[in-house]
Amino acid sequence: WQRQMCIRDSIYPEAPIAQINIRFNLPEDWKVVVSWDQHDNFFRPREIESITRGFVVVGEFKVVNLKINNVNLIIALPNRTLESHETIINNTANTFNYLTSFLQYPHERFVVAFAPPPLGDGDADCCGQSIFISSLIHHYKMNDAYREQIEKYWGKYNELHFTDWNVLPHEMFHILDGFSGGPYEEGLTQYMGYKSSLATGIWDTIDFYHFLTTYGAEGLKFYYTEIWNTKYNLPIISEDLETAIRENPSDWRYTFVRARKMAIVAYMLDKETQIVTNGDKSLNDIISYINAKYRDPHRYVSPAEFLETANLVTGHNFTDFFNKYIWGNDWLPPIPVQDMLDYYISKAEERLATAEPAEKEKLEAMVEELKQRCSDTVELIYEEEYESAFKELENAKKLFLRIMTPWPSEAPSPTLMPTPTFTPIPSPMPKPMLTLSPLPHSYSDACIHRRRLRPLPDSYGYNHRCHSFLNDIEED
C-alpha cells in the first residue's frame with residue numbers, strides 16, 4: 001500500500017492532466033494486456049485511477065478476446081497451465097456471463113490474467129477493471145494428481161500454488177458487484193464464488209456443500225468446533241471483531257468469522273429469500289438492486305442499507321435475521337448440512353427407483369441406513385456433539401457414494417485415467433467455444449481487505465496467502 005500511494009502521489013501533479021500516453025519497450029514476442037484504449041504504438045488510459053489500480057500484464061502471454069454482454073472480456077494465458085487453455089477460457093467466459101446476467105458493468109473492457117506463481121491464488125481491486133488468477137488454477141480434488149507437476153516446474157510443493165476454481169468468480173465478483181460492502185463484503189463474495197461455481201457447472205452439488213460444511217477451515221464444521229462457545233464467537237459486524245482482527249492478523253479464527261461465517265450466513269439468507277418469495281427472488285436479486293442503484297465501487301453500502309434493500313426486494317422483513325446472525329452472534333443452525341443430507345437422500349431414492357429387481361432389496365436397506373445416519377447427524381449437531389456428528393456425516397457420505405456407484409452388472413468397462421500434464425496453448429489459437437451451462441434446478445436465479453497477504457497457521461489446512469511480493473522486491 002505504501003508503494004501504491006507513492007505511485008499515486010508521483011502521477012498526480014498540481015496542474016490538471018488532459019491525457020496520458022503510455023508506451024512500452026519490450027522484447028519482440030512480449031505482449032501488454034491492459035484495460036486502456038490502444039492506439040498505434042501507445043496506450044491511453046481514460047482516467048488516472050485506471051493506472052494506479054488494477055493490473056498490467058506484460059510477458060509472453062496468449063491473449064483471447066470475447067464479447068460477452070457488451071463487454072470485451074480479455075483473457076491472458078501463459079504457456080504453462082494445469083488445466084487446458086480451452087477449459088480455462090470456457091470457465092472464465094461462463095463465469096463472466098453468469099455474473100453479468102444480473103450485475104451491470106459500466107466499462108468497455110474486463111481483463112482476466114492467469115499469472116504464474118509465486119504471486120498467489122488471485123487478487124482484485126474493486127475500483128479497477130482487471131483481476132489476476134493463479135495459472136495453477138484447478139479443481140481441488142486434483143491436488144494430489146498435480147502435485148508432481150507443480151514440483152517439477154515450480155519447485156517444492158507449496159499450498160500457495162493450489163488455487164481452486166471458486167477463486168475465479170470470487171475475484172470477478174469483487175469488481176462486478178459495483179459497491180463496497182466493508183466488513184461483510186469478503187464473506188458475501190466468498191459465498192457468491194461458491195454459488196457461481198455451482199451455477200456454471202464448474203462444481204457439482206457435492207463440491208458446493210462440501211465447502212459450506214466440512215472443507216478445511218471453510219465451513220460449518222470449523223465454526224462449530226473452533227468458533228462457537230469460544231472468544232472468537234463475535235458478531236460479524238462489530239467493533240470487537242475489527243479490533244481483534246487488527247490486533248491478531250495471523251489468527252485465522254477471527255478472520256474466519258468475517259470471511260467464512262459470513263459466507264454461511266449469506267447462504268442462509270439466499271435460501272430464506274427463495275423461501276419467502278416462493279422461488280421468485282434470490283440473493284442475486286438483492287445484490288442486483290444494490291448494483292443498479294449505486295454502481296460505485298467507492299460507495300460503502302452499510303449493513304443497514306443492505307437490510308433495507310433485502311426487505312424491499314423480497315417484501316419480507318429480515319430485521320430479526322440480521323439481528324441474530326450479522327449484528328449478533330447467535331448459534332448458526334446446520335442448514336447447509338441438512339440441505340446436503342436431503343440431497344443425498346433424494347439422489348439415493350432416485351437410484352433406488354431405477355434399480356434392477358436383483359439389487360433392489362439390498363439398495364432399500366442401504367437407503368434406509370442412509371436416512372438414519374443423516375437423521376443422527378443433524379440430531380447430534382443440535383445436541384452440540386460436534387465431533388460425533390461430523391464422523392457420522394462422513395459415514396453418511398461414504399454410504400451415499402456406495403449407493404450411487406454402479407454395481408458390477410451396470411458398471412462401464414474400466415479405463416485408465418490419463419496422467420495430468422501441462423497443456424501448452426496451440427498456435428494459432430483456435431476460436432474458443434462459449435458453452436453456457438444451465439443453472440442447477442435448486443438455483444433458478446442465479447473487502448474490506450484487498451491484499452490477502454496474511455500468514456495462516458499450517459494446521460488449519462487453509463490455502464496459504466502469505467507470500468509478500470513487496471518483501472521480495474526489497475530483497476531483490
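Student: In what order do the five strands of the open sheet lie?
Tutor: In this predicted model, five strands form an open sheet with mixed pairing. Strand E5 (62-68) and strand E8 (122-124) are the edge strands, each pairing on one side only. The order is E5-E6-E7-E9-E8.

Student: By how many degrees are neighbouring strands of this sheet turned against each other on average?
Tutor: The value refers to the sheet in which the strands follow the order E5-E6-E7-E9-E8. With direction ignored, the average turn between neighbouring strands is 15 degrees.

Student: Do E5 and E6 run parallel or antiparallel, and how many bridges join them?
Tutor: Strands of a sheet pair through backbone hydrogen bonds, either parallel or antiparallel. One pair of residues across E5 and E6 is Asn65 with its bridge partner Ile74 in E6. The two strands run antiparallel, and the bridges that join them number seven.

Student: Which residue in the hairpin of E5 and E6 takes a positive phi?
Tutor: The hairpin has two residues between its strands. A positive phi near 50 degrees occurs there, and the residue that takes it is Asn69.

Student: Which residue in E7 stands opposite Leu73?
Tutor: E6 and E7 run parallel and are joined by five bridges. Across this pairing, the residue opposite Leu73 is Phe110.

Student: How many of the seven residues of E6 are buried?
Tutor: E6 is joined to E5 by seven bridges and to E7 by five. Helix H3 (residues 85-99) also lies across E5, E6 and E7. E6 is mostly covered, and its count of buried residues is six.

Student: Which residue in E9 stands opposite Ala124?
Tutor: E8 and strand E9 (residues 130-134) run antiparallel and are joined by three bridges. Within E9, the residue that stands opposite Ala124 is Ile131.

Student: What angle does the direction of helix H5 make with that of E9?
Tutor: Helix H5 (residues 167-176) packs on the sheet and touches E7, E8 and E9. Its direction makes an angle with that of E9 of about 165 degrees.

Student: Which residues have the most contacts inside the largest nonpolar core?
Tutor: This core has 113 residues, and its largest share, 13 residues, comes from H10. Phe110 touches, among others, Leu73, Phe96, Ile131 and Met172. The residues with the most contacts inside the core are Phe110 and Leu283.

Student: How many residues does the second, separate core have?
Tutor: Its members include Val33, Phe61, Ile74 and Val111. Ile74 is also the bridge partner of Asn65. The number of residues in this second core is nine.

Student: Which residue meets Arg258 in a salt bridge, and in which helix is it found?
Tutor: The side chains of Arg258 and Glu242 meet with an N to O distance of 3.1 Å. The pair links distant parts of the chain, 16 residues apart, with Arg258 in helix H10 (residues 252-276). The partner is Glu242, in helix H9 (residues 239-247).

Student: Why does Arg258 count as buried?
Tutor: A residue is buried when its relative accessible area is under 20%. Arg258 therefore counts as buried, because its relative accessible area is 6%.

Student: Are Glu239 and Arg246 buried or exposed?
Tutor: Their side chains meet in a salt bridge at 3.8 Å, N to O. Both residues are exposed.

Student: Which residues are joined into one network by salt bridges that share partners?
Tutor: A search of the whole structure finds 19 salt bridges. Another of the pairs is Arg299 with Glu305, at 2.8 Å, N to O. The network that arises from shared partners joins Asp37, Arg46, Glu108 and Arg109.

Student: How far apart in space are Ser282 and Lys271, C-alpha to C-alpha?
Tutor: Ser282 is found in the loop between H10 and helix H11 (283-293), and it is buried at 0% relative accessibility. In sequence, Ser282 and Lys271 are eleven residues apart. In space, C-alpha to C-alpha, they are separated by 7.4 Å.

Student: What is the relative accessible area of Asn79?
Tutor: Asn79 is found in the loop between E6 and H3. Asn79 and Lys62 are 17 residues apart in sequence and 7.4 Å apart in space, C-alpha to C-alpha. Asn79 is partly exposed, with a relative accessible area of 40%.

Conventions:
Residues are numbered from 1 along each chain as its sequence is written. This is a predicted model: local features need pLDDT of at least 70, side-chain atom pairs count only at pLDDT 80 or more; totals for chains, interfaces and linings use all residues. Side-chain values use heavy atoms; hydrogens and water are left out. Two strands pair if DSSP finds at least two bridges between them. Helices (H or I, at least four residues) and strands (E, at least two) are DSSP runs, numbered from the N terminus. Axes are lines fitted to C-alpha atoms, for helices over the stretch in contact, and angles run from 0 to 180 degrees between N-to-C directions. Contact means heavy atoms within 4.5 Å. A salt bridge is a side-chain nitrogen of Lys or Arg within 4 Å of a carboxyl oxygen of Asp or Glu. Buried means under 20% relative accessible area, exposed over 50%, partly exposed in between (1.4 Å probe, protein chains only). A nonpolar core is a set of buried Ala, Val, Leu, Ile, Met, Phe, Trp, Tyr and Cys residues joined through side-chain atoms within 4.5 Å. Lists of a residue's contacts leave out its neighbours within four places in sequence.
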